[in-house]
Amino acid sequence: MSKSPELKLFRAIITQAIEDAMYDGLDKYKIIDKREAISWLISNTGDFQMICHYADINSEYATMKFAKAMKLDIYTLTDMQHKIIQNRPTRGPYKNTQKYRLTFNDT
């Protein structure tokens with residue numbers, strides 16, 4: 001049976017969060033995304049539950065699996081990543097003035 005485009009979309013959201021959570025580089029904005037992805041994946045908040053529901057994934061099971069996976073080093077911030085985000089300015093333009101970070105506010 002083929003998967004609907006909507007199912008693929010919601011699974012892609014979870015896949016992207018997992019990929020963000022595994023980031024091992026030193027780009028401060030990607031480190032921030034990593035921290036937020038980790039928090040979201042283990043939170044079992046309403047929006048996480050909704051995305052899991054539409055992705056046809058049990059959110060409680062997924063949260064448990066992500067919490068277990070947190071024991072792996074790839075899902076934690078490294079010491080260097082902690083240092084980078086502790087010394088970061090507030091979100092704003094990149095050093096290249098022609099590019100800006102796209103952010104979404106809950107309004």
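I take helices (H or I, at least four residues) and strands (E, at least two) as DSSP runs, numbered from the N terminus. The model I examined is predicted.

**Entry: the fold.** I counted the secondary-structure elements of the protein chain and obtained 5 helices and 0 strands. Following the sequence, I recorded the pattern α-α-α-α-α.

**Entry: the chain as a whole.** I then looked up burial, and noted that 26% of the 107 residues count as buried. For the surface, I recorded an exposed area of about 8000 Å², of which carbon and sulfur atoms supply 55%. I also looked up the contacts with a separation of 6 or more: residues 24 or more positions apart account for 60% of these.

**Entry: Thr 63.** I located Thr 63 in helix α4, which spans residues 59-69. Is Thr 63 buried or exposed? I classed Thr 63 as buried because its relative accessibility is 12%, and the cut-off for buried is under 20%. Setting aside the neighbours within four places in sequence, I listed Leu 41, Ile 42, Asn 44 and Phe 48 as the residues in contact with Thr 63.

**Entry: Ala 12.** I found Ala 12 in helix α1, residues 5-21. I entered Ala 12 as partly exposed, because its relative accessible area is 42%, and this class lies between the 20% and 50% limits. I next looked up the spacing between Ala 12 and Ala 55: the two are 43 residues apart along the chain, and their C-alpha atoms are separated by 8.7 Å.

Notes:
Residues numbered from 1 in each chain as written. Predicted model: local features only at pLDDT ≥ 70, side-chain atom pairs only at ≥ 80, totals over all residues. Heavy atoms only, no water. Buried < 20%, exposed > 50% of the residue type's maximum accessible area, 1.4 Å probe, protein only. Contact = heavy atoms within 4.5 Å. Areas by Shrake-Rupley, 256 points an atom, 1.4 Å probe, with all protein chains shown as cover.
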